Amino acid sequence: MKLSNVLFSFKTTLILLSFLAIGAGVATFIENDFGTSSARVLVYNNIWYETILVLTTINLIGIIFKYKMWRNKPRFIFHFAFVVILIGAGITRYIGYEGIMQIPEGQTENKMLSLEPYLQITIKDGDKTYYQEYQKEFTSLLPIFNNFSHDIHFGDKSIKINYKDYVFAKKEQASMGLLSVEAIYNGQTQAVRLPGQRGQQGVERDLDFGDISVNLVYGSKYVELPFAIKLNDFQLERYPGSMSPSSYASEVTVIEQDGKSYDYRIFMNRTLNEGNFLFFQSSYFPDETGTVLSVNNDPGKWPTYLGYFLLTLGLLLNFFDEKSRFRKLTKYVSGKNLAIFLLTAACFFSPSLQANQNVEDENLQQTV
């Protein structure tokens with residue numbers, strides 16, 4: 001059996017899609033009990049899940065060429081749509097990023113807090129400062145995926161940062177991660193615990209080694225945007241006779257790099273699109289003096305949108321394609337229904353059935 005026959009088959013497609021669906025389902029339970037980072041580490045960002053995504057893409061491309069689907073436009077468009085969607089997902093995975101922007105009313109902001117957490121290390125050696133960061137997420141479910149060891153060289157010196165432990169605690173609606181690391185410099189070893197996790201700014205910790213000092217922090221970091229947003233007015237409406245919010249919106253001014261600006265209203269069903277950035281109305285300050293916007297920089301959104309459009313188009317064209325499986329099943333079901341109807345009619349109007357009915361009517365009259 002050739003490898004191509006196995007890889008480029010519809011059976012393999014179903015198997016790969018089943019693994020993706022099962023993985024997504026398992027990730028949902030992991031995220032609920034152990035946090036989003038655990039789901040990303042063990043499933044979404046794990047090599048096994050990424051491998052299945054790549055194999056699914058190769059499988060679909062191979063099937064398209066194997067069966068020369070371009071000869072049948074509806075089938076080609078339908079299958080090619082999945083390839084485009086998977087490519088968009090890959091772009092989102094490796095290039096896109098998300099964050100949160102908090103803006104007090106009347107103020108201007110051009111930074112967002114990233115959702116991705118970083119281990120940030122700042123070393124001060126005399127009057128010189130060295131900075132190094134590592135994007136890393138951790139899980140308390142399978143700590144084997146947490147291990148790391150970083151050798152950082154600065155000037156003619158070096159320091160090693162090693163992973164020790166990670167603890168994740170969840171209480172009601174709140175959760176907290178605690179990363180333990182050790183720093184080794186010039187034969188000295190110091191350990192430190194760093195509170196922080198995905199979507200939260202970390203707490204700084206300082207280590208003193210005599211001739212150098214080391215500042216460590218784990219958590220989300222601030223990312224500067226190529227434009228600024230000013231919050232002119234935050235509006236909150238409540239249900240009549242209740243304190244529960246029914247809707248809230250942000251009246252903002254977008255200030256671009258060239259100095260041009262424009263006003264925009266962001267609310268729950270209306271997003272702000274500036275370049276590759278999308279801004280969603282997410283929440284607001286507890287004292288209602290500011291807004292919280294979710295920020296999404298996703299270059300893969302356009303391939304994904306195109307993929308969904310092609311998928312819809314392919315489905316619609318299949319409805320009108322005489323050679324499609326849908327039309328064959330429709331004809332089959334229609335034929336079966338017609339056959340059942342004819343059989344029922346034949347039985348109902350058959351002479352034997354009418355004779356039996358007449359006999360039953362006579363017996364009934366005699367009894368009466």
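These legends go with a set of close-up views of a predicted model.

**Figure 1. The whole protein, before zooming in.**
The protein has eight helices and 14 strands. It runs to 368 residues, and 37% of them count as buried. About 22400 Å² is exposed, with carbon and sulfur atoms supplying 58% of that area. As for contacts with a separation of 6 or more, 51% of them join residues 24 or more positions apart.

**Figure 2. The largest pocket and what lines it.**
Some 40 residues line this pocket, and the closest to its centre are Tyr 44, Leu 53, Ala 89, Gly 90 and Arg 93. The space inside comes to about 1300 Å³. If you like to sort a lining by class, this one has 20 nonpolar, eleven polar and nine charged residues.

**Figure 3. Where the pocket lining comes from.**
Which element gives the most to the lining of the largest pocket? That's helix 5, with ten residues. Helix 5 spans 73–94, and it shares the job with helix 2 (10–34), helix 3 (36–44), helix 4 (47–66), strand 1 (97–104) and helix 6 (301–320), each of which supplies at least two lining residues.

**Figure 4. Ile 63, tucked into helix 4.**
Ile 63 sits in helix 4. Why does Ile 63 count as buried? Because its relative accessibility is 0%, and the cut-off for buried is under 20%. Skip the neighbours within four places in sequence and Ile 63 is still in contact with Phe 8, Ser 9, Phe 10, Thr 13 and Met 69. Take Thr 13: 50 residues separate it from Ile 63 in sequence, yet their C-alpha atoms are 9.3 Å apart in space.

**Figure 5. The hairpin of strand 9 and strand 10.**
Strand 9 covers residues 213–238 and strand 10 covers residues 245–255; they pair in the antiparallel sense over ten bridges. To pick out one bridge, look for Asp 233, whose partner in strand 10 is Glu 251. Six residues lie between the strands of this hairpin, where Gly 241 takes a positive phi near 75 degrees.

**Figure 6. On to strand 11.**
Strand 10 also pairs with strand 11 (residues 261–267), again in the antiparallel sense, over seven bridges. Here Val 254 stands opposite Tyr 262 of strand 11. What sort of phi does Gly 259 take in this hairpin? A positive one, near 95 degrees, with five residues between the strands.

Definitions and conventions:
Residues numbered from 1 in each chain as written. Predicted model: local features only at pLDDT ≥ 70, side-chain atom pairs only at ≥ 80, totals over all residues. Heavy atoms only, no water. 1 Å grid on protein atoms, 1.4 Å probe; cavity = no way out; pocket = protein on both sides within 12 Å on 5 of 7 lines; lining within 4 Å. Points joined across faces, edges and corners; volume = space filled by probe spheres on them. Helix = DSSP H or I, 4+ residues; strand = E, 2+ residues; numbered from the N terminus. Nonpolar A, V, L, I, M, F, W, Y, C, P; charged D, E, K, R; others polar. Pairing = 2+ DSSP bridges. Buried < 20%, exposed > 50% of the residue type's maximum accessible area, 1.4 Å probe, protein only. Contact = heavy atoms within 4.5 Å. Areas by Shrake-Rupley, 256 points an atom, 1.4 Å probe, with all protein chains shown as cover.
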